[in-house]
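User: Could you take a close look at one part of this model for me? I'd like a walk through the sheet and whatever hangs off it.

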Amino acid sequence: MKLPFINTTASWTTRKTCRLCDSTSLYPFLTLGELPLAGGFMRACEIADEQRYPLTVCFCEACTEVQLLESVNPQNPALRVASTLLRKGSSP
């Protein structure tokens, strides 16, 4: 299966090797399209401008690990906002 997304920004990266064993035998089997980060509770007028990221699930033939192919850059401001909202809503 050909990967449908090409990273054109530094806000996310696509892995070329397995997170567990570093094999290059990754096979995408489920592409969910581009989705916003979880926890970004927005007003209706902000939704059109919300940044979206590809979400592809793949299988490593070498170690049988199932994993996400893309990773959001931890320095991405949108990620910090979403994680802050999640922490505020969690129990102590």
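Analyst: Here's a tour of the sheet, its loops and its surroundings. Keep in mind that this is a predicted model.

Let's get oriented before zooming in. The chain has 1 helix and 5 strands, and reading along the sequence gives β-β-β-β-β-α. Of its 92 residues, 23% count as buried.

Now the sheet itself. It's an open one with 3 strands in the order 2-3-4, and the pairing is antiparallel. Strand 2 and strand 4 (66-68) sit at the edges with a single partner strand each, so one side of each has no neighbour in the sheet. On average, neighbouring strands here are turned by 20° against each other, ignoring direction. As general background, strands in a sheet pair through backbone hydrogen bonds, and they can do so parallel or antiparallel.

How many bridges hold each pair together? Strand 2 and strand 3 are joined over 8 bridges, running antiparallel. If you want a residue pair to click on there, take Pro36, whose bridge partner in strand 3 is Arg52. On the other side, strand 3 (residues 52-60) meets strand 4 through 3 bridges, again antiparallel. For that pairing, look at Cys58, which has Gln67 as its bridge partner in strand 4.

Strand 2 (residues 26-36) also has a story on the surface. A nonpolar patch is formed by Tyr27, Phe29, Leu30, Leu32, Leu35, Phe59 and Val66, with about 610 Å² of accessible area together. Strand 2 supplies the largest share of that patch, 5 residues. Leu30 is one of the patch members, and it lies in strand 2. How open is Leu30, then? With a relative accessible area of 38%, Leu30 is partly exposed. That fits the patch rule, because a member needs over 30% relative accessible area. So a nonpolar side chain can be only partly exposed, at 38%, and still clear that cut-off.

Next, the loops, where the backbone does something worth a look. Most residues other than glycine have a negative phi. Asp22 goes the other way: it isn't a glycine, yet its phi is positive, about 65°. You'll find Asp22 in the loop between strand 1 (12-14) and strand 2, and at a relative accessible area of 54% it is exposed. Thr64 also has a positive phi of about 65° without being a glycine. Thr64 belongs to the loop between strand 3 and strand 4. Those two strands make a hairpin with 5 residues between them, and that's where Thr64 takes its positive phi. Its relative accessibility is 54%, so Thr64 counts as exposed.

What about the cysteines? The structure holds 0 disulfides. Take Cys60: the closest cysteine sulfur belongs to Cys21 and is 3.7 Å from the sulfur of Cys60, which is too far for a bond. The cut-off explains the call, because a disulfide needs the two sulfur atoms within 2.5 Å. Cys60 is buried, at a relative accessible area of 0%. Cys45, by contrast, counts as exposed at 62% relative accessibility.

There's one charged pair to mention too. Side chains of opposite charge can pair when their charged atoms come close. The structure holds 1 salt bridge, and it links Glu46 with Arg43, the closest N and O atoms being 3.3 Å apart. Glu46 is partly exposed, with a relative accessible area of 30%, while Arg43 counts as exposed at 58%.

Finally, follow the chain past the sheet. Asn76 is in the loop between strand 5 (70-72) and helix 1 (77-89). Is Asn76 buried or exposed? At 6% relative accessibility it counts as buried. Asn76 also links distant parts of the sequence in space: its C-alpha atom is 8.3 Å from that of Trp12, although the two residues are 64 residues apart along the chain.

Note on methods. Residues numbered from 1 in each chain as written. Predicted model: local features only at pLDDT ≥ 70, side-chain atom pairs only at ≥ 80, totals over all residues. Heavy atoms only, no water. Patch = residues over 30% accessible without salt bridge, like charges linked within 9 Å, V, L, I, M, F, W, Y side chains within 5 Å. Areas by Shrake-Rupley, 256 points an atom, 1.4 Å probe, with all protein chains shown as cover. Salt bridge = Lys/Arg side-chain N within 4 Å of Asp/Glu carboxyl O. Helix = DSSP H or I, 4+ residues; strand = E, 2+ residues; numbered from the N terminus. Buried < 20%, exposed > 50% of the residue type's maximum accessible area, 1.4 Å probe, protein only. Pairing = 2+ DSSP bridges. Axes fitted to C-alpha atoms, helices over the stretch in contact; angles between N-to-C directions.
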